[in-house]
Amino acid sequence: MKAIRLVPSAPEPVADIMFDPCVKCTICMEACPVARVTDSFPGPKMAGPDAQRFRGRFEQSTDNWIELCSSCRSCQTVCPSNVPIADINILAKARHRMQTGSSMATAILSHAHLVAKFGASFAPIANKSMRSKAIRLFAEKLFGVSAHAPLPSFASKKFSSEIKNRIISNDRDGLTVVYFHGCYTENNRPDLGLMVIDLLERFGCRVQVPGQNCCGVALVGVGDLKSAYRLAYRNYKKMAHVIENSDYLVFASPSCQLALTAEYTELLHFHKARIFTEKSIDLMSLLEHQIEAKGVQLPSAQKPMKLAYHTACHLKALGIGLPAVRVLRSIEGIDLTVLDAGCCGLAGTFGMKAVNRDISLAIGKAVADRIYELNPDMVVSECEGCRMMIESMTGKPAMHPAEILAALF
Amino acid sequence: MIYDVAVIGMGLAGMSAALSASEMGATAALIGSGPGTLNLASGCIDVMAYPPNQDNLPVDDPIAAVRQVASEFSEHPYAILGDKAVAKTLSWISAHTAAGGWPLSSDLSKNHRVLTAVGRFKITCLVPESYLAGIDLPLYKPLLILGISGLRDFSAPMLAEVLQMKGYKVRSTVLQGIPVGFQGHSLGVSRFFSESGIKQLGLQIRGFVRPGEIVGIPPILPPMPDIQYFRELQKVAGVEVFEIPTLPPSLPGIRLSKALRARCVSSGVELWEGVHALSMEESGGKIGSLLLAAGPNQRKLQAKTFVMATGSYLSGGIRVKGDTVIEPIFDLPINQKERMPLFSTSFLSSSGHNAGKLGVGVDSSLRPLGKNGRPAWENLFAAGDILAGHDPLAERCGGGVAASSGRIAGMNAAVAAGKGKKS
């Protein structure tokens with residue numbers, strides 16, 4: 001019999017973040033994608049530092065509009081005074097949730113890792129149902145999951161089983177890296193994960209893929225901090241000992257990286273996760289580093305390509321610049337334009353809820369308009385959510401930068 | 001990647017530095033925690049209105065005032081930059097904002113009086129096209145001030161009353177039924193102003209206005225740097241219309257900031273958003289890299305040269321620690337002792353406070369000075385509000401100093417990185 005592993009319970013979310021450094025400069029109000037398109041949400045300053053003045057540390061937030069914060073973190077990214085505005089809003093959401101509970105759509109979408117596990121096991125049926133208009137409309141009526149929002153289709157074989165018998169290269173000179181692939185790669189795009197491993201190995205890394213859970217970014221986003229804490233704990237248990245003996249913990253998805261390296265410690269107070277923060281690096285920065293260190297000349301593109309790059313909000317929140325832009329621009333034959341048109345509107349599971357669908361589309365319009373204007377061959381972005389949204393809005397193929405790189409070889 | 005130039009600060013000085021460095025062919029990174037105070041300002045570029053040690057009257061010719069300040073005050077940034085470089089920068093920056101969709105007037109010969117929401121006049125040099133009809137208002141010109149019901153940042157009746165006391169022929173009307181958003185600020189109004197809304201506003205203006213009147217409105221047109229919205233409004237209204245600057249969130253400031261940002265992005269400047277620069281690391285007698293933080297995540301950035309456009313107190317370029325003022329990233333000396341007392345006895349003193357003049361001293365190439373009075377690092381340059389010796393609030397010179405020192409620091413940094421020729 002398997003021993004029952006006890007997960008320590010998560011600390012109760014307490015709204016104890018300092019908001020005093022806020023000087024009411026209004027810069028975050030301009031940066032908020034949600035407030036830009038709806039006046040049902042007062043904007044990050046009023047929802048965060050302003051409202052926090054009137055919330056006791058253990059009090060419930062009584063404002064329903066807090067649910068309209070999409071957790072994109074743009075406010076926190078632009079704050080000149082270092083106020084963790086997004087964290088304040090997520091904690092307010094967590095306390096609001098304790099009072100009102102979650103809607104069906106929120107519960108389903110934030111536990112997407114469980115839904116996806118199930119979906120991937122029945123991929124052919126699940127994919128067919130997701131393409132059926134009638135079933136999607138039914139799901140919208142029943143669960144509140146928008147019938148029109150982009151949902152990823154499931155792969156027939158999961159990433160973890162694809163790599164089950166993989167032989168880890170024995171290159172002793174190379175870097176040892178742990179790859180955190182995330183649920184999307186696991187259930188929806190295992191081929192992307194294989195490309196990532198292939199690129200890492202090509203540029204001199206020994207790649208290990210220990211067992212892992214969902215990062216929990218969607219749970220944090222809706223304020224379900226307890227469930228997120230359980231995932232954080234499990235990820236630590238499964239990966240920490242491998243990471244300790246490795247050079248880097250590498251991510252291809254900015255949202256997963258943000259959860260493990262920032263949200264675990266700052267919001268969940270799971271301080272052991274510092275090891276994730278210390279060892280983490282994004283895929284493109286690591287590849288760039290290896291390409292430079294090894295003096296590799298990247299081959300030129302097979303045919304000239306016009307690319308448009310979309311900056312994911314969570315990539316901005318990581319504060320790493322635009323490594324994909326640097327790498328792709330160094331390839332001959334690639335003409336890359338940075339869109340710089342703001343948030344795509346999906347914000348993870350936010351835009352998948354039927355109630356948020358209109359807001360989501362209105363936010364994404366600026367990105368879609370800019371893409372129509374440029375008319376690129378492809379759009380590039382690290383974030384899987386952004387790619388789904390952009391494909392569904394514009395019909396243009398949207399790729400991870402690793403896919404563009406992998407196609408060179 | 002090792003950048004040629006890394007610029008810290010995304011305000012007017014930082015964006016000018018990054019743009020000019022990339023024009024010289026340098027690879028540039030623009031690092032910042034947000035769009036800087038440019039977003040909060042009036043959208044005008046002040047050059048010099050009240051030179052230090054003069055009576056409390058504004059000067060007419062900004063460039064002549066720059067020349068005079070340059071000759072009399074050797075510590076003023078203008079003494080290092082010179083009036084020619086300032087004049088050249090102003091044409092350069094208006095060409096950039098115009099290409100970004102948001103033209104500024106390019107008349108450098110004269111300071112203008114811009115009407116503000118409380119009825120005072122702001123003395124400034126470059127003004128956005130949407131202000132032009134309302135600058136230097138003569139007393140004989142009849143005015144109509146339009147307010148919006150529910151917009152809390154702007155009271156048309158109050159402004160009209162203040163102007164009446166000053167002798168203007170003015171009346172006001174408050175428009176009803178325009179959605180003002182959750183909080184009733186100008187940003188809220190502007191966001192929900194569709195193209196048809198602009199047409200309707202134009203038609204309303206046409207209905208209210210009497211022959212000969214010009215019309216002042218709060219800044220409520222969309223926050224994008226696109227002058228076409230304004231031109232459309234003027235066309236439909238059939239009269240001259242002008243915007244009146246209000247409190248932050250300041251739409252004209254946001255538009256100016258976005259126009260320059262778009263220019264940076266299209267010139268290939270790489271934005272490092274959401275990061276605070278913590279400290280630097282030395283490498284071979286030079287600055288080798290910066291340590292950057294985004295929350296708990298830290299990252300190093302390497303470059304051949306660095307430009308600090310980190311601003312003043314509000315942006316954290318200089319900080320007050322106990323009773324001393326420090327420069328937190330490079331630990332440069334601030335020369336606080338030479339400027340005691342830091343504060344004038346009168347809070348709203350027209351000559352400002354000495355605290356407003358604190359910053360880092362620089363050599364003739366804009367390299368900040370160390371404790372021994374020599375450049376602290378050969379590959380570090382400074383621009384904007386961080387520069388010692390000028391008081392942007394009292395002198396109304398912040399924009400001119402920021403853009404000019406930014407452009408020159410960017411060029412000098414690019415040259416030091418081995419790109420282009422020195423100016």
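## Exercises on charges, patches and burial

A:Lys316 and B:Glu273 form a salt bridge, with the closest N and O atoms 3.8 Å apart. The model is predicted: local features need pLDDT of at least 70, side-chain atom pairs count only at pLDDT 80 or more, and totals for chains, interfaces and linings use all residues. Residues are numbered from 1 along each chain as its sequence is written, chains are lettered from A and ligands numbered from 1 in the order in which they are written, and side-chain values use heavy atoms, leaving out hydrogens and water.

**Exercise 1.** Place the pair A:Lys316 and B:Glu273 in the structure.

*Solution.* Start with the criterion. A salt bridge is a side-chain nitrogen of Lys or Arg within 4 Å of a carboxyl oxygen of Asp or Glu. Next, the elements. The pair crosses between chains, from helix α18 (residues 313–318) of chain A to strand β9 (residues 270–273) of chain B. Helices (H or I, at least four residues) and strands (E, at least two) are DSSP runs, numbered from the N terminus. Then burial. A:Lys316 and B:Glu273 are both buried. Buried means under 20% relative accessible area, exposed over 50%, partly exposed in between (1.4 Å probe, protein chains only). Last, the network. A salt-bridge network links A:Lys316, A:Asp340, B:Arg261 and B:Glu273.

**Exercise 2.** Describe the salt bridge of B:Arg299 and A:Asp282.

*Solution.* The N to O distance is 3.3 Å. This pair also crosses between chains: B:Arg299 lies in strand β12 (residues 297–308) of chain B, A:Asp282 in strand β4 (residues 280–282) of chain A. B:Arg299 and A:Asp282 are buried.

**Exercise 3.** Are A:Asp191 and A:Arg189 buried or partly exposed?

*Solution.* Their side chains meet in a salt bridge at 2.9 Å, N to O. A:Asp191 has 34% relative accessibility, so it counts as partly exposed. A:Arg189 has 19%, so it counts as buried. For the overall count, the whole structure holds 31 salt bridges over all chains.

**Exercise 4.** Which residues are in contact with B:Ala28, leaving aside neighbours within four places in sequence?

*Solution.* First locate B:Ala28: strand β2 (residues 28–32) of chain B. B:Ala28 is buried because its relative accessible area is 4%. Contact means heavy atoms within 4.5 Å. The partners are B:Tyr3, B:Val5, B:Ala18, B:Gly268, B:Val269 and B:Glu270. Now take B:Pro142. B:Ala28 and B:Pro142 are 114 residues apart in sequence and 50 Å apart in space, C-alpha to C-alpha.
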